[in-house]
Amino acid sequence: MKREIKFRAWDKADKMMYYDIIYGIEFEDGSKYDFCNFIGEKDPSDYHEWVSMQYTGIKDKNGREIYEGGVLHYGYYGKWDGVSEEPEEDLDRPMNFEVRWSEAVGGFVANGYVRTSSNLGEVIGNIYEDPELLKK
């Protein structure tokens with residue numbers, strides 16, 4: 001199965017999320033950004049501060065794309081049946097997880113856990129626009 005490669009970027013200065021940045025974006029003022037502007041070194045004259053995030057290649061239970069920095073909600077599904085990079089904890093309850101890349105696992109994880117069943121959670125926001133979701 002071929003995984004689609006996509007990226008999005010959070011602009012810390014303007015507090016906005018931009019999707020499909022691999023093709024670049026053009027702002028209303030006519031300024032343009034290529035993909036390398038999002039992942040390369042910051043131009044000191046540019047006030048934008050970008051955080052780029054990759055699409056995991058997975059969709060949630062509602063068909064919404066899951067990106068790094070996304071917040072997933074898992075309702076009560078019984079015992080966790082995944083692989084963990086962290087010590088075991090009580091996961092037998094509804095939880096919100098941040099999606100991120102893990103060098104230890106070699107893939108995308110949600111708070112250190114890789115869900116191995118097809119019973120996926122639901123994207124409810126992201127860590128930049130909705131940081132309060134991780135406090136629940």
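Biologist: Let's start inside: is Phe38 buried or exposed?

Modeller: Buried means under 20% relative accessible area, exposed over 50%, and partly exposed in between (1.4 Å probe, protein chains only). Phe38 has a relative accessibility of 4%, so Phe38 counts as buried.

Biologist: Before we go on, which atoms do the side-chain values use?

Modeller: We're looking at a predicted model, where local features need pLDDT of at least 70 and side-chain atom pairs count only at pLDDT 80 or more, though totals for chains, interfaces and linings use all residues. Residues are numbered from 1 along each chain as its sequence is written, and side-chain values leave out hydrogens and water and use heavy atoms.

Biologist: Back to Phe38, then: how do its ring and the ring of Tyr33 pair, stacked, tilted or edge-to-face?

Modeller: Rings of Phe, Tyr and Trp (its six-membered ring) pair if their centres lie within 6.5 Å; planes under 30 degrees apart count as stacked, over 60 as edge-to-face and the rest as tilted. The structure has 13 aromatic pairs. For Tyr33 and Phe38, the centres are 6.0 Å apart and the planes sit at 40 degrees, so the pair is tilted.

Biologist: And how many residues apart are Tyr33 and Trp50?

Modeller: Tyr33 also makes an edge-to-face pair with Trp50, 5.4 Å centre to centre and with 70 degrees between the planes. That pair links distant parts of the chain, with Tyr33 in strand β4 (residues 32–33) and Trp50 in strand β5. Strands (E, at least two residues) and helices (H or I, at least four) are DSSP runs numbered from the N terminus. Along the sequence, the separation of Tyr33 and Trp50 is 17 residues.

Biologist: Which side chain does His48 join in a polar contact?

Modeller: His48 is in the loop between α1 (35–39) and β5 (50–59), and counts as buried at 5% relative accessibility. Leaving aside residues up to four places away in sequence, His48 touches Asp11, Ala13, Asp14, Phe27, Tyr33 and Lys42, where contact means heavy atoms within 4.5 Å. A polar contact is a pair of N or O atoms within 3.5 Å; within protein, one must be able to donate a hydrogen and the other to accept it, and residues adjacent in sequence count only if both atoms are side-chain atoms. At 2.4 Å, the side chain that His48 joins is that of Asp11.

Biologist: Now the outside: is Tyr23 buried or exposed?

Modeller: Tyr23 lies in the loop between β2 (16–19) and β3 (25–26). With a relative accessible area of 74%, Tyr23 is exposed.
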